Amino acid sequence: MLKIAAAAVAAALCAVVVRKQSPEIALALGAGACALIVLYCSGALEAVVELADKLAETGGLSAQVVEPVLKTAGIAIAARLASGFCKDAREEGIGAAVELAGTALALAASLPLMTAVLDMLARLL
């Protein structure tokens, strides 16, 4: 985490300095730093997905239950990053629309999970 924090602070400081001369380059610098940080974290994200699959297998859960949780988390991460970029570019309206779209897509991705819960409740009753 210290490497990520150091890289983020360094990129932010560079962006502040560059922003005075060229806001577009500062935004691109931020996007590049974000992409590198996400790539650096991809190994950890892969481990989380593997653990979720293992827990599902151990618990006898179907992919219908686990997959929506992982999709929802991915949608939330993507929406947050995209919204942040839009707000950095001073496009708050677009950022808000991205947040709304992320919420709607996360709800849609969770529908199979909600259906599985309803089916389970119906079997119990």
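In which helix does Leu51 lie? Leu51 lies in helix α2, an element that covers residues 23-59. The model described here is predicted. This briefing begins with helix α2, continues with helix α3 and the salt bridges, and ends with a loop residue and a surface patch.

**Helix α2: length and bend**

- Helix α2 is made up of 37 residues, and the distance from its first C-alpha to its last is 51 Å.
- That span is close to the 54 Å expected at 1.5 Å a residue.
- At Ser42, helix α2 bends by about 40°.
- Gly60 comes just after α2, and this glycine takes a positive phi of about 75°.

**Helix α2: buried and accessible residues**

- The buried residues of α2 include three alanines named here, Ala26, Ala33 and Ala52.
- Ala56 and Cys34 are also buried in α2.
- The cover over the buried residues of α2 includes α1, which spans residues 2-19, and α3, which spans residues 63-88.
- Leu51 has a relative accessible area of 48% and is therefore partly exposed, because the exposed class begins over 50%.
- Thr58 is also located in helix α2; its relative accessible area is 66%, so Thr58 is exposed.

**Distances between C-alpha atoms**

- Leu51 and Met1 are 50 residues apart along the chain, and 20 Å separates their C-alpha atoms.
- Thr58 and Ala10 are 48 residues apart along the chain, with their C-alpha atoms separated by 43 Å.
- Ala96 and Ala56 are 40 residues apart along the chain, and their C-alpha atoms are separated by 34 Å.
- Of this last pair, Ala56 is a buried residue of α2, whereas Ala96 is found in helix α4.
- Ala96 is partly exposed, because its relative accessible area is 40%.

**Ser83 in helix α3**

- Ser83 has its place in helix α3.
- With a relative accessibility of 2%, Ser83 counts as buried, because that class takes in values under 20%.
- When neighbours within four places in sequence are left aside, Ser83 is in contact with Gly95, Val98 and Glu99.
- One of these contacts, Glu99, lies in helix α4, which covers residues 92-109.

**Salt bridges**

- How many salt bridges does a search of the whole structure find? The search finds 2.
- Side chains of opposite charge can pair when their charged atoms come close.
- In one salt bridge, the side chains of Glu67 and Lys71 meet at 3.4 Å, N to O.
- Glu67 and Lys71 are separated by about one helical turn, because they are 4 residues apart in helix α3.
- An α-helix has 3.6 residues a turn, so residues three or four places apart point the same way.
- Glu67 is partly exposed at a relative accessible area of 42%, and Lys71 is partly exposed at 45% relative accessibility.
- A salt bridge is also formed by Glu99 and Lys87, whose closest N and O atoms are 2.7 Å apart.
- This pair links distant parts of the chain, with Glu99 in helix α4 and Lys87 in helix α3, 12 residues apart.
- Glu99 has a relative accessible area of 35% and is partly exposed; Lys87, at 35% relative accessibility, also counts as partly exposed.

**The loop between α3 and α4**

- Which residue has a positive phi although it is not a glycine? The residue is Arg90, with a phi of about 65°.
- Arg90 lies in the loop between α3 and α4.
- Because its relative accessible area is 67%, Arg90 is exposed.

**A nonpolar surface patch**

- A nonpolar patch of about 690 Å² is found on the surface.
- Four leucines contribute to this patch, namely Leu118, Leu121, Leu124 and Leu125, together with Val117 and Met120.
- Val117 is found in helix α5, which runs over residues 111-124.
- Val117 counts as partly exposed, because its relative accessibility is 40%.

Key:
Residues are numbered from 1 along each chain as its sequence is written. This is a predicted model: local features need pLDDT of at least 70, side-chain atom pairs count only at pLDDT 80 or more; totals for chains, interfaces and linings use all residues. Side-chain values use heavy atoms; hydrogens and water are left out. Helices (H or I, at least four residues) and strands (E, at least two) are DSSP runs, numbered from the N terminus. The expected span of a helix is 1.5 Å times one less than its number of residues. The bend at a residue is the angle between axes fitted to the seven residues ending there and the seven starting there. Buried means under 20% relative accessible area, exposed over 50%, partly exposed in between (1.4 Å probe, protein chains only). Contact means heavy atoms within 4.5 Å. Patches are made of residues with over 30% relative accessible area and no salt bridge: like charges are joined within 9 Å, nonpolar side chains (Val, Leu, Ile, Met, Phe, Trp, Tyr) within 5 Å. Accessible areas come from the Shrake-Rupley method with a 1.4 Å probe; for residues, only the protein chains shown count as cover.
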